[in-house]
Amino acid sequence: MGDISITRARREFTARVAYLNTATYGLPPRAAHEAMLAAERDRAAGLLRMPELDEAVARCRAAFGRLAGLPAERIAVGPQVSYFVGLVAASLPAGTTVLVADGDFTSLLFPFLARPDLVVRSVPLERIAEAVDGGVGLVAVSAVQSADGRIAPMRDLIAAARGHGARVLLDSTQATGWLPLPAAEVDFLVCGGYKWLLGPRGTCFLAGTEEALATLPAVGAGWYAGADVWDSVYGAPLRLASDARRLDLSPAWQCWVGHAPALELLARVGVEPVHAHNVALAGRFREGLGLPPGDSAIVSLAVREGTAERLAEGGVVASVRAGRLRCAFHLSTSEDDVDRAVKLLSGDLVPGAAQG
């Protein structure tokens, strides 16, 4: 349990709509938004201070570690999920079989598919644990599916991978911040920061076990991957950090300044309370629409054409993914937001269609 309540934390958000679209991008708490704007004002004035920028990166790394339950020295920072997944793909021997879930997010799939000497085998998410066998070298899957919010069978998958000597790469972009995860039990974990972690676009984290991280090639290493960052800006020899920082990419400074207060707010609230809040709101939404209970903070609905636009006209923001309306419930969402969406959605569900 954190030291800030959900109610208090919700006061930090300033949306003028019922925002059900965190699965696309998260809303910044007030302090995070103001910090990023202040950094840009400092840049215009010629007053950016490097030590403060580096401190923001360190704060983000530490806060992400608290949320994921991992030590900061096993966390690398960069801008995008696909880059870090690409490092994992680059580390695999030719002929390795990579097991993935049907319809998963392409930033997790393309780095493996781009290597013609890898074997990529795709199966339904519900069968991914049972599909692990002695021929699989790596399982790469999203903890929560972007399209419809389904949660991967992570415990079963981890047990199956261990039993067959396979490694696990978990993309937690749609999970970290609201869903408790077995992060310490997977070999690699990658997470984009601009959704449930409430950051600006341009922040991402890679974490993993020491053994697994040691297998990754530092092919993008630059000055920020150095053992002493500001003593690594010129000349040979190679002098990378001895921990996960050797995989860091040079940060887009304002993004990390704007992310640190958001991550720290989430860490102070705590993942368990946020999980209870989000799932309860999703449950209220389902009940209001006459749907069965679920376990995700994302609800996917088959609706009539134009429903998302009609919701937006009524002050409710959601998205359409895989041909369905996707509604996401997070720390910034209230019960009033849910009830408003339910009222506007009445009569828009497609009769007889499976609702998730």
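Biologist: Let's say Ala, Val, Leu, Ile, Met, Phe, Trp, Tyr, Cys and Pro are nonpolar, Asp, Glu, Lys and Arg charged, and the others, Gly among them, polar. How does the lining of the largest cavity split by class?

Modeller: Six nonpolar, one polar and two charged residues line the largest cavity. Bear in mind this is a predicted model, where local features need pLDDT of at least 70, side-chain atom pairs need 80 or more, and totals for chains, interfaces and linings use all residues. Residues are numbered from 1 along each chain as its sequence is written, and side-chain values use heavy atoms, with hydrogens and water left out.

Biologist: Which residues line that cavity?

Modeller: Tyr83 and Leu87, then Ala218, Gly220 and Ala221, plus Arg246, Leu247, Asp248 and Leu249. On a 1 Å grid over the protein atoms alone, a cavity is where a 1.4 Å probe fits but cannot get out, a pocket is an open set with protein on both sides within 12 Å along at least five of seven lines, and lining residues have an atom within 4 Å of a point.

Biologist: And the largest pocket, which residues lie nearest its centre?

Modeller: Val81, Phe105, Ser107, Thr173 and Tyr194, out of 18 lining residues. By class, the pocket lining has ten polar, five nonpolar and three charged residues.

Biologist: Val81 and Ser107 line the pocket. What do they do in the contact of α4 with α5?

Modeller: They sit on opposite sides of it: Val81 belongs to α4 and Ser107 to α5. Along with Val81, α4 brings Ser82, Val85, Gly86, Val88 and Ala89, while α5 adds Leu108, Pro111 and Phe112 to Ser107. Contact here means heavy atoms within 4.5 Å.

Biologist: At what angle do α4 and α5 pack?

Modeller: About 35°, with the axes of α4 (residues 81-91) and α5 (residues 106-113) 8 Å apart. Axes are fitted to C-alpha atoms over the stretch in contact, and angles run from 0 to 180 degrees between N-to-C directions. The contact has seven nonpolar residues, three polar and no charged ones.

Biologist: Switching to α2 and α8, parallel or antiparallel?

Modeller: Helix α2 (residues 30-45) and helix α8 (residues 253-269) pack at about 155°, with axes 7 Å apart. They are therefore roughly antiparallel; the cut-offs are under 35 degrees for roughly parallel, over 145 for roughly antiparallel, 65 to 115 for roughly perpendicular, and oblique for the rest.

Biologist: Which residues make that contact?

Modeller: From α2, Ala31, Ala32, Ala35, Met36, Ala39, Glu40 and Arg43; from α8, Gln254, Cys255, Val257, Gly258, Pro261 and Ala262. That's nine nonpolar, two polar and two charged.

Biologist: How do α9 and α11 cross?

Modeller: At roughly 25°, and the axes of α9 (residues 271-288) and α11 (residues 335-345) come within 9 Å. So these two are roughly parallel. Leu281, Arg284, Phe285 and Gly288 of α9 meet Glu335, Val338, Asp339, Ala341, Val342 and Leu345 of α11. The split is six nonpolar, one polar and three charged.

Biologist: Now the backbone. Which residues does the cis peptide bond join?

Modeller: Alanine 236 and proline 237, with omega about 5°. Proline 237 lies in the loop between α7 (210-213) and α8. Helices are DSSP runs of H or I with at least four residues, strands are E runs of at least two, and both are numbered from the N terminus.

Biologist: What's the phi at leucine 198?

Modeller: Positive, about 65°, although leucine 198 is not a glycine. Leucine 198 is in the loop between β7 (188-192) and β8 (204-208). Most residues other than glycine have a negative phi, and most peptide bonds are trans.
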